Amino acid sequence: MIRRTTSPRPEHRTRTDLAVTAGLTVAAVAFVGVGWLFSDTRGTDHSTAAPGDAISPATAEDVQVPTAVRETWRAATDPTTAPEPLTMDGAVVRTDGDRVAVLDAADGHEVWSYRRNRTLCAVTGGWSRVIAVYRGPKGCGEATSLAVATGRYVDTRSALAPDEVTTFRSLDHVGLLGDDRVELWRSDLVRTVEVGHQEVAVNPGVQPADGCRFSSALTRKKVLAVVMDCPGDTGGDRTVSLLDADPENAGEPETTHDFTVPEGSELVAVGQDAALIYVPGDGVRAKDDTDEEGSRFQVLRTDGSFGQYPADPVDTSGPAYPAAGRPAQTADLPHHMTWFDGQRVLAFGPTDLDLRFSVPALGTGAAMGGRLLLPVTGGIAVVDWTDGRTETVIPVDRGDWAGPVTLRVQGDTLIEQRGGTLVGLAAS
């Protein structure tokens, strides 16, 4: 026989029963309160777009290059976490300490913001999402992605990571570059590959780059390219690895080819099947493609072959050079991969990575109305991207600012970043 047990009817409950119930209730409330006190939610300040204020994607249809511009808005940003304008879908991202805010590119008003009581390591974006990377107990591996139009949560990630990181990205991945490791994430912030040191090695011996120090990294499509100094390197030589950006197992990188390259070499562009490095050499432009002493570019291909051609010398101590954990200042345009070397913007063919032209400039630029726009002294150069010829210069009054300038375009708004200041420019 199955005997059923039932709780005492309320009129049969004793004082002990009531005391126990009250005690459990108090304990539960205390537990929830303590959990909230120490939770990430308590340390987060998050405001989403107000009704009707979601940002509409910028359209490039029938946008014409203006002949004159006027400043329509400006905003401060932290150049240590946002060294170049992060723009997408009609939005501009700015940072301030541990706070990330998104502005409407058309008029510069703030649409939404996100802040945590942790140090903001970096901010990047892709797939119509802004990705904020914060430092937690396990390093700069706490990431949150938010819809760029509204600021609503999309995905989160918490993982072991270096204490200092910079980001790089392509249309397919975002990447984290640290001193002892590099990794890529896909749109849902799931890691697709990690290269270098692993705090907890699941399968020891599958990380050939463990113990190496990374100085630059770039990715495009299925290629991840990294430059590193490894224990086995001799005579100042470095190693460039071309890897699969989406291997079968994220913790076991699949190397397409390793190259031993000269001292000081760094990545400046990457294509679907090759990477381009700048080799400082002896600081004098190489005489031809057989010169092994002068400054030159080397094209390293996934099939193991390589080629080289002369390059004008670059100041490798300047802030534009991709060394000491600073990714190259690049911009992918409809017909070219571009690199700012500190004095010029160089445009490379997207497949062969051959140099098509170079233009003196203050920083990287953007495409608009079938032309390449580049920030130059006194204004914005309108460049024919078939041959690099400057057709005209749009005057811009930058006041007493004399430093680097980076340019992006959203719809019919031009956005310049001058150090820690973002400036919106519209046709006048």
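In the predicted model, strands β24 and β25 form a hairpin with 3 residues between them. Within the turn, G342 adopts a positive phi of about 105°. The pairing of β24 with β25 (residues 344-348) is antiparallel and extends over 4 bridges. Across this pair, W339 lies opposite L346 of β25.

On the other side of the sequence, a further hairpin links β23 to β24 through 4 residues. Strand β23 (residues 330-332) runs antiparallel to β24, and 3 bridges join the two. Here A331 is positioned opposite T338 of β24. Strand β24 thus takes part in a pairing with β23 and in a pairing with β25.

The side chains of β24 (residues 337-340) are divided between two directions: M337 and W339 point one way, and T338 and F340 point the other way. In a regular strand, side chains alternate between the two faces of the sheet. All four of these β24 residues are buried.

A separate description applies to the sheet containing β19. Four strands form an open sheet in the order β19-β20-β21-β22, with antiparallel pairing. Its edge strands are β19 (266-270) and β22 (306-310), each of which pairs on one side only. Neighbouring strands of this sheet are turned by 25° against each other on average, with direction ignored. Strands β19 and β20 (residues 274-279) run antiparallel and are joined by 4 bridges. In this pair, E266 stands opposite Y278 of β20.

Residue A68 is located in the loop between β1 (44-47) and β2 (69-76). A68 counts as partly exposed because its relative accessibility is 26%, a value between the 20% limit for buried residues and the 50% limit for exposed ones. Leaving aside residues up to four places away in sequence, A68 touches I394, A426, A427 and S428. The C-alpha atoms of A68 and V393 are 9.3 Å apart in space, although the two residues are separated by 325 residues in sequence.

At the level of the whole protein chain, 1 helix and 33 strands are present. The chain comprises 428 residues, of which 49% count as buried. Among contacts with a separation of 6 or more, 48% are between residues 24 or more positions apart. The exposed area of the protein chain is about 20,400 Å², and carbon and sulfur atoms supply 50% of this area.

How values were computed: Residues are numbered from 1 along each chain as its sequence is written. This is a predicted model: local features need pLDDT of at least 70, side-chain atom pairs count only at pLDDT 80 or more; totals for chains, interfaces and linings use all residues. Side-chain values use heavy atoms; hydrogens and water are left out. Buried means under 20% relative accessible area, exposed over 50%, partly exposed in between (1.4 Å probe, protein chains only). Contact means heavy atoms within 4.5 Å. Accessible areas come from the Shrake-Rupley method with a 1.4 Å probe; for residues, only the protein chains shown count as cover. Two strands pair if DSSP finds at least two bridges between them. Axes are lines fitted to C-alpha atoms, for helices over the stretch in contact, and angles run from 0 to 180 degrees between N-to-C directions.
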